[in-house]
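Please open the structure in a viewer and keep the residue numbering at hand. The tour below proceeds by selections, each followed by a description of what is found there.

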Amino acid sequence: MNNFINVILPLPLQQLFTYRITEAEKNFLEVGMRVAVPFGKSKIYTAIVEEIHQNKPTAYEAKDIFQILDDSPIITKNQLQHWQWVAKYYMCSLGEVLRTAIPSTFLLESETQVIKNKNFEINETLSDDEFLILEALEHQDILPIQKISDILDKKRVLPILNTLLAKNAIALREEIIEQYKPKLVKYIRLNNRYDNQEELSKLLDKLSRANQQRNAVMSYFSLYGANKKPIKQKQLKEVSKVSSAVIKTLVDKEIFEVYTIQTDRVSFTEATEKFKELSKFQEECYKGLNASFLKNDVVLLHGITSSGKTEIYVKLIDEVLKKGKQVLYLVPEIALTTQLINRLQKYFGNKISVFHSKYSLNERVEVWNNVLNKSDKAQLILGARSSVFLPFSDLGLIIVDEEHETSYKQFDPAPRYHARDTSIVLAKLHNAKVLLGSATPSIESYYNAQQKKYGLVELNRRFGNVLLPEIELVDIKEGYRKKRMIGHFSERLMVLINEALDEKEQVILFQNRRGYSPIVECTSCGVSPQCPNCDVSLTYHKIKGELQCHYCGYHRNMPHTCQACGNPTLDTKGFGTEQVELELKELFPNHNIGRMDLDTTRGKYGYNKVIEAFQSQEIDILVGTQMLSKGLDFNNVSLVGVLNADNMLNFPDFRAHEKSFQLLVQVSGRAGRAQKRGKVAIQTFNPYHQILQQVTTNDYTTMYKEQLYDRHQFKYPPILRMVKITLKHKDYIKVNNAADWLYKSLYNTFSTNILGPTSPAISRIRNQHIKTILIKLPQNKSINLSKAVIQKIKNSFQSIPDYRSIRFNIDVDCY
């Protein structure tokens, strides 16, 4: 009887593919192993075994697998179940989940290799390029296509290879390329024969004239004698101050031996501190959480900013680790991991592993393997949203810090998952507990807590009984009218900045827009430079002297004259962090000004550099975007200034008011976290706006009730679930007609619960015209039934030849 396997391919395919395996392969293979399989005409992909069975496929002839890539599974059964839930809930394919979930280093791709036909005689009918290829194959038996492209200095080499194939001069074959390379550290040891004193004395006499070699040997003894640990080759070079050539000579003389040990690229030192004593209120909160966990799997901790939530997390983590279980600590921004690593490492030492996109692929593979093997180094995982896909075997607790953050939601590419919701399902698979922590919980989570779906514990006192910052609203409409503004700073904000700097305290200024100015405009004809690929004006970056598109990356030099009318005077409208930084440098020439936005934190250690400089008080005033608002802890900050609160309030989004409240409360919470009460100045054109008034009193409950009333009235989440469908294509007429067809098809089922089709605020990105349709899933219908209808309509849509080239994206819970 034939044996078959179902595999998950890293492609957006609706169904799994079946391949044939031998009896021996069946006995060796397990679910979760990687296999290389042929797919299409000649491509080879890495796939994951999902099921081993004996059911022959009916629609096609099953191919044989190419090779088995693992000795044991790299994916756990719980993980596969989790992936299946993600694919089903977020309406995407398992292949798309696979692409996101595992480091791409595991997904070995095939590379086409070119081999010379030995019987072919080189003749004069060959072109110059063909002759070059065959000559290169004389020196090297096999060449990858990329190498041939380099030899010819051409991108398109396939036509030339096709002519050589037709002449029977070459053959092609696919080869799997292994990408992950373990890090091997070179160590050095003395040859065994010098273990006795007599041989050692002879050796030192022999080296008496070779000073550097003798010096290297003596340094080896002093290092080994000091700690009896293996000695790295690099360490020996540094201590003995000799070159690599000297050590190589000693190895050639068989005095030293070089050996390698595989090590992790990222590792932490031992724990150095004991846990802090909890305050009376923290202790009550901690007991409340434990009591709540007895009744609920998910608990929401609503603790005001600087109330010491992290210390409570630390105690909970310690309890779970003592039981031998793993803990996942999710943070919304990579910037946050920098400070948290330092804090947690003092308590948990080398039990921590960190997983996020700023780490290299090889580093991520090592964390993956450590988690899979339940290594001591991976008991506490600190990471961004993608950490929910790690191969946990015994998860005990998931902490979702700052659970309200939109950074937990992946908007592109599929799967468009929300890490908070995905982690709750993950915890259920492991019988683990979930703690959602925030000073400003999302309305969905707070609603679930009010409906008794989640437990709720509140912490309303700051650590050390420090008062919440004093928040004042500064009316800049009056300031501009009376011409009392200094650049973009009101008189009041300037007074507060000077007071803080005189007291040797630090200041944070918040402006949620990077660059120098979002619009450059001609003073004569009013035309502003636009991005050729997107419907958006280009942002001016003064330091680089260029205009940039923040959507597609297009950039060009700043023009000196208007390209429409030739007028030499161009004006800038609006302002970003770069402009604020330059203004501050003029206003405060004797103080250090720093900036924290996407432009200044691009490198792997970009966040670390800015945060460490600010923490060690090398920076007096730090200007930044919303990165600054997320849980960072700076003791010496006494003032936070928000330069323009109105941008966020007037955003076209049903969550604009909720997000504004969260952002302003969070950024205010960075002030006065130690002994002294901090101050916050929020500049606005409308100081009487209800949200701003609620921010000044930190009145979350009133904000929640008002927003929930609006959501009831207009039928928005959490009252109803929402699905957004986005259509994209280069042809505007085609995407328009497709959106109308889709609307009519959906209307039959959802009728008045559909909004659209509409063009979003930015209706063209990367030359793709965009149309969106919002579907509010009816409460009286099963969510799964509604999704099945949408999927059916999508299949019908894609079967129409005219619409096949249109990109059709589904985003479930699109907020």
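**Where two helices meet**

Select Ile443, Glu444, Tyr446, Tyr447 and Gln450 in α16, and then their partners in α24: these α16 residues meet Tyr700, Met703, Tyr704, Gln707, Leu708 and Arg711. By class, the residues of this contact are seven nonpolar, two polar and two charged. The model is a predicted one.

Now extend the selection to the whole of both helices, residues 443–450 for α16 and residues 700–714 for α24. Their axes are 11 Å apart, and the packing angle is about 95 degrees. The two helices are therefore roughly perpendicular to each other, since angles of 65 to 115 degrees are classed in that way.

From the C-terminal part of this region, continue to Pro717 and Pro718. The peptide bond between Pro717 and Pro718 is cis, with omega near 5 degrees. Pro718 belongs to the loop that connects α24 with β31 (721–729).

**The six-stranded sheet**

Select next the strands β20, β30, β29, β21, β28 and β27, which in that order make up an open sheet of six strands with parallel pairing. At the edges are β20 (470–475) and β27 (593–596), each of which pairs on one side only. From one strand to the next, the twist averages 20 degrees.

For a view of one edge, display β20 together with β30 (residues 679–684). These strands pair in the parallel sense over six bridges. Within this pairing, Glu470 stands opposite Lys679 in β30.

Two helices may then be added to the display. Helix α20 (residues 606–615) lies across β21 (506–510), β27, β28 (621–624) and β29 (637–642). Relative to β27, α20 runs at about 145 degrees. Helix α22 (residues 656–668) lies across β20, β21, β29 and β30, and its direction is at about 155 degrees to β29.

**The seven-stranded sheet**

Move to the strands β15, β16, β14, β17, β18, β13 and β19. In that order, these seven strands form an open sheet, and the pairing is parallel. The edge strands are β15 (352–355) and β19 (455–459), each pairing on one side only. Neighbouring strands of this sheet are turned against each other by 20 degrees on average, direction ignored.

Within the sheet, select β17 (residues 395–401) and β18 (residues 433–438). The two run parallel and are joined by five bridges. Ile399 is a useful residue to label, as it stands opposite Leu435 in β18.

Add helix α11 (residues 280–295), which lies across β13 (298–303), β17, β18 and β19. The angle between α11 and β19 is about 180 degrees.

Then follow the chain beyond β17 to the loop between β17 and α15 (419–430), where Pro415 is placed. A cis peptide bond joins Ala414 and Pro415, with omega at about 0 degrees.

**An enclosed space**

How many cavities of 30 Å³ or more are there? The count comes to two. To locate the second largest cavity, select Phe275, Lys276, Leu278, Glu311, Val314 and Lys315, which line it. About 30 Å³ of space lies inside this second largest cavity. Its lining divides into three nonpolar residues, no polar ones and three charged ones.

**Two single residues**

Select Glu254, in the loop between α10 (244–252) and β12 (256–263). What is notable in the backbone of Glu254 is its phi. The value is near 60 degrees, which is positive in a residue other than glycine.

The last stop is Arg556, in strand β25 (residues 555–557). Which residues does Arg556 touch, not counting residues up to four places away in sequence? Display Pro529, Leu538, Glu546, Leu547 and Gln563 to see these contacts. For a distance check, draw a line between the C-alpha atoms of Arg556 and Gly545, which are eleven residues apart along the chain and separated by 8.8 Å.

Technical notes: Residues numbered from 1 in each chain as written. Predicted model: local features only at pLDDT ≥ 70, side-chain atom pairs only at ≥ 80, totals over all residues. Heavy atoms only, no water. Pairing = 2+ DSSP bridges. Helix = DSSP H or I, 4+ residues; strand = E, 2+ residues; numbered from the N terminus. Axes fitted to C-alpha atoms, helices over the stretch in contact; angles between N-to-C directions. Contact = heavy atoms within 4.5 Å. Parallel < 35°, antiparallel > 145°, perpendicular 65-115°, else oblique. Nonpolar A, V, L, I, M, F, W, Y, C, P; charged D, E, K, R; others polar. 1 Å grid on protein atoms, 1.4 Å probe; cavity = no way out; pocket = protein on both sides within 12 Å on 5 of 7 lines; lining within 4 Å. Points joined across faces, edges and corners; volume = space filled by probe spheres on them.
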